[in-house]
Amino acid sequence: MNRDPLDHDADPDADGRLAALFARDRGPEPQELAAARLLLKRALARRQPQPTLLPAPRRARPRVLAFLAQAAGFALLIALLVPTLRRIAPSAATWNATNTPRADLVASLADGMRALGTRVGRLLPGLPPLELDATLPNAETIDRALAPIRSLGDELPAWWPSLHSDAR
Amino acid sequence: MIHAMTVPAKPSAAATDADEVRAFLAGDESAFERLVDRHQRRILHLCQRLAGVNDANDLFQDVFLQCYRALPQLRAPEAFHGWLLQITVRRARRRAQARRGPIGVPEPEQFTAPPEGDPLELADEVARLRKALARLPPRQREVIALRHDQELSFAEIAAVLDLREDAARANHYQGLKRLRRELLGDDDREATRP
């Protein structure tokens, strides 16, 4: 390394070591040179720079902001979903306090059968009258339909006998 | 020219850069190949110094593409080498401004091949030199690379960097001082380890 006239306080030993280091760092290795030359060949053929095999390092994304955005998204989703779910599904406490949902189910079944009897009678006037009461559900039909439930015995709900007797 | 570039053209020993530039301007495309052959190693080395190993290939092709496009406007073919170095420095600055980050310097184990001699020790020393160079301010790094890798005089460095000669010397002085401090500081720390 040539001595710099301005470098009055230079340490000769240090300068010697620096010069040796610069001399040892001989620059690009043959394979680096070959890779660069290949890229240059392609670039000149297309008259524009070609992407290298090593992608340029991407700037680190602001992870804190990304995390906060995700957290806010989840919170919004939960805030929207919870009221909807509450509206759709009654709470367990409500379900156990009254048997209204199950009683409603049986009542609507009876209404459906009643309506079915009426419609069949209207659509097929020429047929002999069905053995369905147009105004009341046929008690035997209901008994047959609900036989599997009745077979449950002790597990029958408390309201079952009263409905059975009403139907008759 | 383009299709023959895989096989390096044989430069004429007697032909100077100026001769090749004139030949290229006269329509001999292979003259550009010979110019690339002649300067590619030193330019890639400078690209690695100024842009880091990861970006060096991009800068390298950028430099020679610009050279190929602008060669017809070169008024003094004798100044080709300095002109090419000037393109390299300017393109490196432009890329650094766009990137706005530190230049990438690989760890010793990422070197494609260890230098001759004691591979591990030498690779480590070279890596430390490269890292210390990468931490220098851009102007000091440019001056030191042009001085020690390209072996230019201060007058030539001043012309390439569009500086006054004493400014080039001052940057060289400051850069060397900082390099000594960084490299010897590392040595001191290592020496004091138990």
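A residue is taken as buried when its relative accessible area is under 20%, and this cut-off underlies the description of the predicted model that follows.

Chain B contains eight helices and zero strands, and its elements, read along the sequence, follow the pattern α-α-α-α-α-α-α-α. Of the 194 residues of this chain, 55% count as buried. Its accessible surface comes to about 9400 Å², with 50% of that area belonging to carbon and sulfur atoms. Among the contacts in chain B with a separation of 6 or more, 64% are accounted for by residues 24 or more positions apart.

Helix α4 of chain B, which covers residues 80-99, illustrates how buried positions are distributed along one such element. The buried residues of α4(B) are Phe80(B), His81(B), Trp83(B), Leu84(B), Leu85(B), Gln86(B), Ile87(B), Thr88(B), Val89(B), Arg91(B) and Ala92(B), and they pack against α1 (17-25), α2 (30-51), α3, α6 (138-149) and α7 (154-161) of the chain. With 20 residues at 1.5 Å a residue, α4 of chain B should span 28 Å, and the computed separation of its end C-alpha atoms, 28 Å, agrees with that expectation.

Aromatic side chains were examined next. A search of the whole structure finds five aromatic pairs over all chains. One of them joins Phe60(B) and Phe64(B) in an edge-to-face arrangement, with 5.1 Å from centre to centre and 70° between the planes. These two residues lie four residues apart in helix α3 (residues 53-70) of chain B, and therefore they are separated by about one helical turn. An α-helix has 3.6 residues a turn, so residues three or four places apart point the same way. Both Phe60(B) and Phe64(B) are buried. In addition, Phe24(B), Phe32(B) and Tyr68(B) form one aromatic cluster in chain B.

On chain A, Val64(A), Leu65(A), Phe67(A) and Leu68(A) make a nonpolar surface patch of about 450 Å². Of these residues, Leu68(A) is found in helix α3 of chain A, which comprises residues 63-88. Leu68(A) has a relative accessible area of 48% and is therefore partly exposed, a class that lies between the limits of under 20% for buried and over 50% for exposed residues. The value of 48% for Leu68(A) also satisfies the requirement of over 30% relative accessible area for membership of a patch.

How values were computed. Residues are numbered from 1 along each chain as its sequence is written. Chains are lettered from A and ligands numbered from 1 in the order in which they are written. This is a predicted model: local features need pLDDT of at least 70, side-chain atom pairs count only at pLDDT 80 or more; totals for chains, interfaces and linings use all residues. Side-chain values use heavy atoms; hydrogens and water are left out. Rings of Phe, Tyr and Trp (its six-membered ring) pair if their centres lie within 6.5 Å; planes under 30 degrees apart count as stacked, over 60 as edge-to-face and the rest as tilted. Buried means under 20% relative accessible area, exposed over 50%, partly exposed in between (1.4 Å probe, protein chains only). Patches are made of residues with over 30% relative accessible area and no salt bridge: like charges are joined within 9 Å, nonpolar side chains (Val, Leu, Ile, Met, Phe, Trp, Tyr) within 5 Å. Accessible areas come from the Shrake-Rupley method with a 1.4 Å probe; for residues, only the protein chains shown count as cover. A salt bridge is a side-chain nitrogen of Lys or Arg within 4 Å of a carboxyl oxygen of Asp or Glu. Contact means heavy atoms within 4.5 Å. The expected span of a helix is 1.5 Å times one less than its number of residues.
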